Amino acid sequence: MYLNCHTYYSLRYGTLSPAQLVQTARQLGARTLALTDINNTSCAVEFVQRCQDAGIKPILGLEFRQEGQLRFVGLARNAEGVRELNELLTQYSLSGRQLPELAPPLKNAFIIYPRLVKPIAQFRENELLGIRPEHVHRLFSSDVRQFPQHLVMFSPVTFVNQEGYQIHCLLRAIDENTLLSKINGPGLAKKTEVFTPPETLLQYYKAYPRIIQNTRRIVEACSIEWMDGLHINRQTFTGSREGDFQLLQKLALNGCKQRYGAHHIKALERVQKELRVIRTQDFCAYFLLTWDIVRYAHSMGYHHVGRGSGANSIVAFCLYITDVDPLELGLYFERFINPYRSSPPDFDIDFSWDERDDVTDYIFKRYGAEYTALLATYNTFQGRSTIRELGKVFGLPKQEIDLLIEYPEATDRHHELAKKIFHYGRLLEGFPNYLSIHAGGVIISERPLSYYTALQLMPKGFPITHFDMHHAEDMGFHKYDVLSQRGLGHLKDAVELVKENQGKAVDIYAIERIKNDEGVRTLLRSGHCIGCFYIESPAMRGLLKKLRCDNYVHLVAASSIIRPGVAQSGMMREYIQRFHNPDGFEYLHPVFREHLGETFGVMVYQEDVMKIVHHFAGLDLDESDVVRRIMTGKKAKSDTFERLRQKYFDNCRTRGYPDDLAQEVWRQIESFGGYSFCKAHSASFAVESFQSLYLKAYFPLEFMVAVINNFGGFYQTEYYVHEARMQGAQIHAPCVNRSRYLTHIEGKDIYLGFVHIQQLERKVAHRVIHQRSVGGIFRSLEDFVQRVEISTDQLDLLIRIGAFRFTGRSKYELLWEKHAAFNPKEKYDPTLPLFEDIQTHFTLPELKEGPFDQAFDEIELLGFPLCSPFSLLDGVFEEKKDAISGSGKKETDAIFEHSARQKAKKDAISRHRDGVFAAQLSRCIGRMVHCYGYYVCRKQVHTVKGETMYFGTWLDEEGHFFDTTHFPAFLRQGPFTGKGIYRIEGKVVEDFGFPSIEVIRMERLPFRKDERGL
């Protein structure tokens, strides 16, 4: 009887989760339920499963709306009807055209119109007019009652109570970006759209039994023939399963010879073992499809990194899907694939950010757009953003909303509506807000995807499914992760820059040679890895030093233990301690010694969870894999998790383990939630890290330029520019005669690209480059403005950043000259003049540029100065520094005898005399010191009491990094107050050879006064 039900996947409209919808229907005694979300099919599989579990007959359909206006509702008779409805929605979604008011002919679906859009006598056999309960009385005087075969009970369900209606109104206001008080019109549900008990619903229509009979006829005519399981994926690569196996076997055996030589017995046995399991599990097509994607990339000259659990496979290694040798690392085969696992292993294939889209396009064209799509993700209402949206629809001004977000506990300062806003914010938490695109998940189906989902076109031009990876897994789809990574971009660009700048060809794919290169190992051991993939962060820099890491195997472990799951459980520190003292600890249990001996009994990798759950607690391999997948976020939590958790503890008791031992092991397992890596994943990252290290060790300037141009690293551009300077580069501000759009290098001179000038339009930058290429370098400002179409404000940006410094004139002279040489109202002529215009020369007044004007312009336009930030400190501070460096104590005292603030400055001098630099910290362990640091970044963490503390990273005046710890008590005395240079006081401590400062006091020092324009 309920033919028009919405879940909250009717985005910014519905209020019920699929579970709430089905549960409420079951409580009311409903025997049939139709899901008709608005232009959305996200939860179809979940809805069907929940209905079947509840003993309710599910019907699938769609509600078609255009800009809030209900067009019609479609109900699928069968699987073909699902396809027809999904294809209809997809057709209009991909084309961008408006949905029609009249549905096209559909053979396997019923169409319900909410109103007469054409004479009822013209209705097709499958077209119906929905009669709401509150409209039944109108039939008495309507001619439509003469066509009972086209009338149907129509009682939409959107919420369950008045509070649900209020949530609906808030969602509609958010969607329409308007005030709650102004929300109305056809896009708003009626208050009657609640679950009405079946008996009550029938009473509304008792005067028209034919409508009830017709509704039952439609319900009986609809059925779900839902296909799920692995057979919904593309089944073959060659056209037959036998053909797939023969091809895979040939490729794997040939690759084994190439990787290991012709007589490597151990490798050959592992390959044959894996091939048997792959064939038994029917994963041959999956491997070949992945191989085909990689093969295309190689044919285009694209480099990739293969990772994920599939990298545990020697077959993947031999197919060159991955570059991780499972024999070298002793990778756990059962983590990759086991006879109990129904889903295939994960292959994460990383490409450079500027090549990934082309690979994705190949997949769509190779396997057909009808069968291929990217997965969606559900962007949900969360925390602060939800409060901001609610604040807007309730009409609060921005400052009031900011107060709610920044100080949620300051209730005495809140607006009177704050309590209501927080209440509804909690209710909306987790609601899907809109569909977004998965990082790179692609599915390829055997049948057209319209049997399972409608598709939505995304801005990049690729369609996405309406379901996410979890719903896809429930259906049986396995995904191909084709991902984008900036790290690969800087490897590629660095190699090209070396060839351009030095004329050398660099081979970064000789992995074994790079792993054993002494220069690379020395750089790794030092921890000076700024710009290097995955190992450049302050935390990783510290870990590398603490572990004295200088080889591939240790870096693989470090790449995983740095993850929050290991670190937060306390096991990272335990690993470091055991690394330094391998005989100074006891294993929790002999199982840990046997299976985790390589990592000193510490669970470091995802497969370690499987090992312990299986070997310690006796869960089957398939159950252990489910626990691992749930713990790492690869599978949604469910009743299965609680059942396996209980089985774990039951088995531990059966095996006679003490409760505290079982609890501690489970705590360590649980701490991995969502954060640990599989070992093959860490190994893949470590290979890329070594490639980065090699380039930085031998081609540091080209490498840093590549890092700058690919953006997306851990640090802001400023610190990569600084690192290039520390490596010997001469850094130049953008120049109209030398710069390109991106940063480039000539010898040891690095010219920043136009891309870094804030507010400079891309088209202007490309015009400058084009005119320079066709007409030669610019000779003067006059020459420039005659040849380049540019506005006044854009020209000002170039002058202020110093892009015309080749003229020998100050920027103030150029800004003055601009008025004589440049007429923005004059129509631009793109042709080069035949004869040079005769210019009238003026004698300008003396226009001096201050010594720090350029630095302040750079801060404004680039975001950072190209000089040392320490040179910008207030003159009083500089005076103190000069006194220290050039005077003895008597001379220093004499300096201050002429000052009105003699004592204060003497104290300041005294403090500064004992200041230390980063290189001196290791000689000051246990001492109180002070130093000066330029802020780089900070990491916020919380203590066990929930208090905020920070880890800070700084640069000293010599350009070296150092680190600080800020505990809550001292943080209140010396807070972070923005970017700049701080005077820091604290105690130097050392942790496994890595020094840092525990701060007790700090203050930000003032920069010189900005005197531009004064």
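**Exercise 1. Determine which residues touch the most other members of the largest nonpolar core, and which helix gives the most to this core.**

Solution. Of the 147 residues in the largest nonpolar core, Leu33 and Val315 touch the most other members, where a nonpolar core is a set of buried Ala, Val, Leu, Ile, Met, Phe, Trp, Tyr and Cys residues joined through side-chain atoms within 4.5 Å, and buried means under 20% relative accessible area, with exposed over 50% and partly exposed in between (1.4 Å probe, protein chains only). Helix H9 (residues 284-299) gives the most to this core, with 10 residues; helices (H or I, at least four residues) and strands (E, at least two) are DSSP runs, numbered from the N terminus. Apart from this core lies another, of 133 residues, among them Ile561, Val627, Leu695 and Tyr934.

The model is predicted, so that local features need pLDDT of at least 70 and side-chain atom pairs count only at pLDDT 80 or more, while totals for chains, interfaces and linings use all residues. Residues are numbered from 1 along each chain as its sequence is written, and side-chain values use heavy atoms, with hydrogens and water left out.

**Exercise 2. List the residues that valine 315 touches, not counting residues up to four places away in sequence.**

Solution. With contact taken as heavy atoms within 4.5 Å, valine 315 touches Leu248, Ala252, Val271, Glu274, Leu275, Ile278 and Phe287, once residues up to four places away in sequence are not counted.

**Exercise 3. Work out how the buried residues of H6 are placed around its axis.**

Solution. Helix H6 (residues 209-221) has 13 residues and reaches 18 Å from its first C-alpha to its last, close to the 18 Å expected at 1.5 Å a residue, the expected span being 1.5 Å times one less than the number of residues. Its buried residues are Ile211, Ile212, Asn214, Thr215, Ile218 and Val219. Seen down the axis of H6, these fall within an arc of 165 degrees, so they line one face of the helix; the arc is that of the directions from the helix axis to the C-beta atoms.

**Exercise 4. Describe the order of the open sheet of three strands and what stands at its edges.**

Solution. The order is S15-S17-S16, with mixed pairing, and two strands pair if DSSP finds at least two bridges between them. Strand S15 (730-732) and strand S16 (744-746) stand at the edges, each with a single partner strand, so one side of each is left without a neighbour in the sheet. S16 pairs with strand S17 (residues 749-751) in the antiparallel sense over three bridges, and isoleucine 745 stands opposite isoleucine 750 in S17.
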